[in-house]
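Here are some notes for a colleague who is opening this structure for the first time. They are set out as numbered points, to be read alongside the view below.

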Amino acid sequence: MRAWPSLLVHPVLAVSLALLLGCSQRPRTAVPAESPTEPPTERSSDGLASVHPGINDRYFQPDAVQVWTDTLEAERREVIAARDEIVAALELTPGITVADIGAGTGAFLAALSGGVGASGRLLAVELVPEFAAHLRDRAAAEGLTNVQIVMASATDVGLEPDSVDLMFMCDVYHHIEYPKVYLPTLFRALRPGGQLVIVEFDRIPGKTSARMMKHVRQDQATLTAEVTAAGFVLDREIEQVPLDENYMLVFRK
Ligand SMILES: C[S@@+](CC[C@H](N)C(=O)[O-])C[C@H]1O[C@@H](n2cnc3c(N)ncnc32)[C@H](O)[C@@H]1O
């Protein structure tokens with residue numbers, strides 16, 4: 001009868017019991033839906049756990065623009081080496097609205113802006129305020145007058161309903177922390193018949209490096225299942241672009 005109270009006041013046993021009950025876990029805090037300045041960490045949002053906690057923390061650092069320009073725009077990155085072929089495969093036409101989701105340092109800014117022409121719009125969407133400010137400066141410096149900057153949050157792309165003809169995401173998908181709530185915001189923002197084009201890293205055991213197996217959480221089948229669950233229909237895989245570590249998929253609304 002007296003065993004339980006005495007167990008609970010015994011310090012060692014009390015700690016063990018707390019561990020068993022999970023009291024040692026870091027408390028989870030909700031990420032405000034519209035707080036792009038706050039780095040997403042190991043938190044839940046709208047009751048959902050991040051599928052890859054902390055994956056974007058690397059971008060919320062001093063000197064992120066300099067550090068990541070050097071990395072993201074290096075010719076050794078195959079999507080940079082194949083940038084012209086990737087953009088050509090989008091078959092952009094003047095006057096349309098394209099959203100570069102997760103535009104980063106702007107590696108695709110000039111090519112996409114040129115593709116939609118002066119009568120079109122390029123929406124450069126970013127989660128990280130420093131990247132967004134850099135994209136704004138870069139567009140101005142390069143005279144890309146059709147570029148607008150859009151701030152996303154980790155749970156919402158921040159685009160108006162039915163406002164985009166083509167969405168482009170290059171090596172961004174594995175950085176989406178809350179796909180179950182984020183992907184429906186993409187679906188809403190795409191006009192009916194519009195395209196979502198995703199370039200994403202392969203995740204193939206035995207082929208993909210150990211580092212990338214850890215960094216990229218999902219393989220192509222998982223990505224396709226998640227994107228189609230949000231309402232998109234898989235249209236085709238683009239295979240003419242010379243990519244060895246990435247694949248390129250076109251989905252439609
Ligand atoms: C690997 S970088 C790719 C940047 C660019 N697309 C490129 O290929 O050079 C991933 C980018 O996705 C952005 N990102 C991560 N989560 C995002 C979200 N939920 N919405 C918009 N951008 C996001 C990051 O801030 C980062 O700039």
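1. Which residues are the closest to the ligand, and how many surround it? In this predicted model, 21 residues surround the ligand, and the closest are Arg77, Gly102, Glu126, Cys170 and Tyr182. When the shell around the ligand is divided by class, it has 13 nonpolar, five polar and three charged residues.

2. Three of the names just given can be followed to individual atoms. An N or O atom in the side chain of Glu126 is 2.5 Å from an oxygen atom of the ligand, while a backbone N or O atom of Gly102 lies 2.8 Å from a ligand nitrogen atom. Cys170 contributes a polar backbone atom, which is 3.0 Å from a nitrogen atom of the ligand. The ligand on its own has 600 Å² of accessible area, and the protein covers 98% of it.

3. As for its location, the ligand sits in the largest pocket, which has a volume of about 990 Å³. This pocket is lined by 48 residues, of which Leu72, Arg77, Asp171, His174 and Phe201 are the closest to its centre.

4. The lining of the largest pocket can also be traced through the secondary structure, since at least two residues each come from α3 (64–72), α4 (78–81), β3 (97–101), β4 (121–126), β6 (164–170) and α9 (210–215). By class, the residues of this lining divide into 22 nonpolar, 13 polar and 13 charged.

Note on methods:
Residues are numbered from 1 along each chain as its sequence is written. This is a predicted model: local features need pLDDT of at least 70, side-chain atom pairs count only at pLDDT 80 or more; totals for chains, interfaces and linings use all residues. Side-chain values use heavy atoms; hydrogens and water are left out. On a 1 Å grid over the protein atoms alone, a cavity is a set of points where a 1.4 Å probe fits but cannot get out, and a pocket is an open set with protein on both sides within 12 Å along at least five of seven lines; lining residues have an atom within 4 Å of a point. Grid points are joined across faces, edges and corners, and a volume is the space filled by probe spheres set on the points. Helices (H or I, at least four residues) and strands (E, at least two) are DSSP runs, numbered from the N terminus. Ala, Val, Leu, Ile, Met, Phe, Trp, Tyr, Cys and Pro count as nonpolar, Asp, Glu, Lys and Arg as charged, and the others, Gly among them, as polar. A residue is near a molecule or strand if one of its heavy atoms lies within 4 Å of it. A polar contact is a pair of N or O atoms within 3.5 Å; within protein, one must be able to donate a hydrogen and the other to accept it, and residues adjacent in sequence count only if both atoms are side-chain atoms. Accessible areas come from the Shrake-Rupley method with a 1.4 Å probe; for residues, only the protein chains shown count as cover. A molecule sits in a cavity or pocket if more than half of its atoms lie within 2 Å of its grid points.
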